[in-house]
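Please open the structure in your viewer and keep the selection panel at hand. The tour below moves from one selection to the next and says what is found at each stop.

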Amino acid sequence: MRTLEVVLPAEVRSYPVFIGRGLLAELGRIAAERAFPRRIAVITDETVAGLYGDTALAALEGVGYAAELLAIPPGEGAKTLDTAAMLYDSLIQKKFDRGCGICALGGGVVGDVAGFVAATYLRGLPWIQVPTTLLAQVDSSVGGKTGVNHPAGKNLIGAFWQPAFVLVDPEVLGTLPRRQLHAGLAEVVKTALIGDRELFAQLEGNWEGFLAGDSELLEGAIHRACRVKAEVVSRDERETGLRRVLNFGHTLGHALEAATGYGYFLHGEAVAWGMIGAAWLSWRRGLLGEGEGKRVESLLLSLPKPLLPEIPREKFREHLRRDKKIVAGRLHYVLLAGIGEAVVDGGVREEDLLSALEYLRTLEAQP
Ligand SMILES: NC(=O)c1ccc[n+]([C@@H]2O[C@H](COP(=O)([O-])OP(=O)(O)OC[C@H]3O[C@@H](n4cnc5c(N)ncnc54)[C@H](O)[C@@H]3O)[C@@H](O)[C@H]2O)c1
Ligand SMILES: [Zn+2]
């Protein structure tokens with residue numbers, strides 16, 4: 001088992017991230033060691049409940065915990081206030097009180113909703129994150145951002161609420177659909193690009209193994225990626241500035257997701273295209289050497305993902321403008337000064353992003 005610590009300002013409790021194959025079966029032991037409340041609502045989705053619900057409950061009950069499974073429908077559509085309200089109803093009906101805890105067992109959707117419920121039910125209950133998608137294991141489970149969507153936009157309602165600990169078992173990725181795994185790998189590549197040169201080299205050197213879901217390789221990469229995310233979060237718990245580097249590739253990626261009506265790309269797939277564009281801009285601005293630029297591009301091109309559909313320039317511009325980072329006036333754009341080194345640049349203009357889209361098109365035209 002590998003452990004790392006998310007160190008936070010004194011007024012917020014720091015917490016550990018435990019990473020290891022087979023750790024799900026140790027959930028109860030670890031919770032007990034950390035004196036986590038003895039009654040736990042395990043919030044999950046129906047798919048994950050079917051795959052890992054029994055293992056999680058057995059791990060908790062085996063050491064004397066009282067645990068109950070509360071399952072929401074799978075997918076982004078369930079990340080709503082209605083789902084949160086349904087969960088509040090169940091918790092009230094089952095008489096969960098301030099002496100109880102919550103465990104989020106699932107992908108980023110479950111983590112965000114369960115975390116939001118944990119942050120708000122009875123003004124806040126302690127909670128545990130057990131992420132089961134690669135995206136959740138390297139990204140959403142570390143950092144304490146929780147929330148739900150609103151018809152007017154994603155993640156508009158939420159809270160910062162840090163978990164008591166995060167438990168990552170890379171073995172559960174064995175049942176994850178390959179497409180989800182690859183989309184999660186895009187976020188691993190992102191983390192390497194913004195903060196871990198050695199991780200990037202490992203990805204390059206073992207790319208086929210990563211694409212095939214080798215759990216030993218994944219365990220090492222998850223550890224390194226969580227370490228980068230934990231460091232960034234430690235230095236900027238409330239997302240005032242530094243956390244911005246985590247958005248590398250995301251301005252273009254979000255615009256691609258939006259312009260294709262969501263549902264065409266998985267988030268990570270759109271971000272993979274976005275990172276190719278951002279690396280190209282970094283090279284064009286003279287920040288990133290051509291050799292490194294090509295390495296970034298070739299790794300990301302070889303990540304399986306849908307082709308870029310035809311997107312009219314004006315439509316893309318509209319979606320870029322909706323991005324709050326641009327509306328605020330100046331665009332703070334994340335570029336690379338090298339593999340493993342992100343910089344925030346105030347000089348990137350909307351036209352540059354449109355050129356990046358054109359550039360992505362030329363790549364697609366290649367055989
Ligand atoms: N809080 C944050 O900091 C943060 C960061 C990034 C993303 N997010 C959020 O995360 C969400 C996306 O998360 P996601 O990509 O994990 O999606 P998800 O939670 O919808 O999971 C994807 C699918 O995989 C299934 N699944 C989960 N684990 C599985 C497993 N081990 N085996 C088989 N199937 C499994 C789920 O049932 C679901 O159908 C978005 O809502 C996004 O906003 C939050
Ligand atoms: Zn992302």
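Begin by selecting L122, which at 35% relative accessibility counts as partly exposed. The model on the screen is a predicted one, and that should be kept in mind at each stop. L122 sits in the loop between α4 and β6, and its phi is near 55°, a positive value in a residue other than glycine. Extend the selection to R123, which also lies in the loop between α4 and β6 and has a positive phi of about 60° although it is not a glycine. Most residues other than glycine have a negative phi. With a relative accessible area of 79%, R123 is exposed.

**Into the strand after the loop**

Now select residues 127-131, which form strand β6, and note that this strand is mostly covered, with 5 of its 5 residues buried. If you display the side chains, W127, Q129 and P131 point one way from β6, while I128 and V130 point the other way, and all of them are buried.

Keep β6 visible and add strand β5, residues 101-106, which runs parallel to β6 and is joined to it by 5 bridges. For a single pair to label, choose I102, whose bridge partner in β6 is W127. With α4 displayed as well, you can follow a right-handed β-α-β unit made by β5, α4 and β6.

Which strand comes next as a parallel partner of β6? Select residues 165-168, strand β9, which pairs with β6 in the parallel sense over 2 bridges. Here Q129 stands opposite V166 in β9.

**A second β-α-β unit**

Move to strand β3, residues 39-45, and strand β4, residues 66-72, which run parallel and are joined by 7 bridges. One pair to pick out is D45 with I72, its bridge partner in β4. Add helix α2, residues 46-61, to complete the picture, for β3, α2 and β4 make a right-handed β-α-β unit.

**Around ligand 1**

D45 leads to the next stop, since D45, E76, T132, T133 and T175 are the closest of the 26 residues that surround ligand 1. Select ligand 1 and switch on distances to nearby polar atoms, taking three side chains in turn:

- D45 has a polar side-chain atom 2.7 Å from an oxygen atom of ligand 1.
- T133 places a polar side-chain atom 2.6 Å from an oxygen atom of ligand 1.
- K154 has a polar side-chain atom that lies 3.2 Å from an oxygen atom of ligand 1.

On its own, ligand 1 has 870 Å² of accessible area, and the protein covers 85% of this. To see which elements contribute to the shell, colour α2, α4 (108-120), α5 (134-140) and β8 (153-160), each of which supplies at least two residues. The largest share of the shell, 4 residues, comes from α2, the helix already visited as part of the unit with β3 and β4.

**The zinc ion**

Next select ligand 2, the zinc ion, and show the side chains of E187, H250 and H267. These residues are its protein donors, through OE of E187, NE2 of H250 and NE2 of H267, and they lie 2.0 to 2.1 Å from the ion. Along the chain, the donors follow the spacing E-x62-H-x16-H. Because E187 lies in helix α6 (residues 178-195) and H267 in helix α11 (residues 267-284), the pair ties together parts that are 80 residues apart in sequence.

Are these two donors buried or partly exposed? E187 counts as buried, at 1% relative accessibility, whereas H267, at 24%, counts as partly exposed.

**Last stop: helix α10**

Finish with helix α10, residues 250-259, and select E257 within it. E257 is buried, with a relative accessible area of 7%. A line drawn from its C-alpha to that of F165 spans 32 Å, and the two residues are 92 apart in sequence.

Then select A259, which lies in helix α10 and is buried, with a relative accessible area of 6%. From A259 to R349 the C-alpha to C-alpha distance is 19 Å, and these residues are 90 apart in sequence.

Definitions and conventions
Residues are numbered from 1 along each chain as its sequence is written. Chains are lettered from A and ligands numbered from 1 in the order in which they are written. This is a predicted model: local features need pLDDT of at least 70, side-chain atom pairs count only at pLDDT 80 or more; totals for chains, interfaces and linings use all residues. Side-chain values use heavy atoms; hydrogens and water are left out. Donors are N, O and S atoms within 2.8 Å of the metal (3.2 Å for Na, K and Ca); water is not among the atoms, so sites may look incomplete. Buried means under 20% relative accessible area, exposed over 50%, partly exposed in between (1.4 Å probe, protein chains only). Two strands pair if DSSP finds at least two bridges between them. A crossover is right-handed if, with the strands pointing away from the viewer, the path from the first strand over the helix to the second runs clockwise. A residue is near a molecule or strand if one of its heavy atoms lies within 4 Å of it. A polar contact is a pair of N or O atoms within 3.5 Å; within protein, one must be able to donate a hydrogen and the other to accept it, and residues adjacent in sequence count only if both atoms are side-chain atoms. Accessible areas come from the Shrake-Rupley method with a 1.4 Å probe; for residues, only the protein chains shown count as cover.
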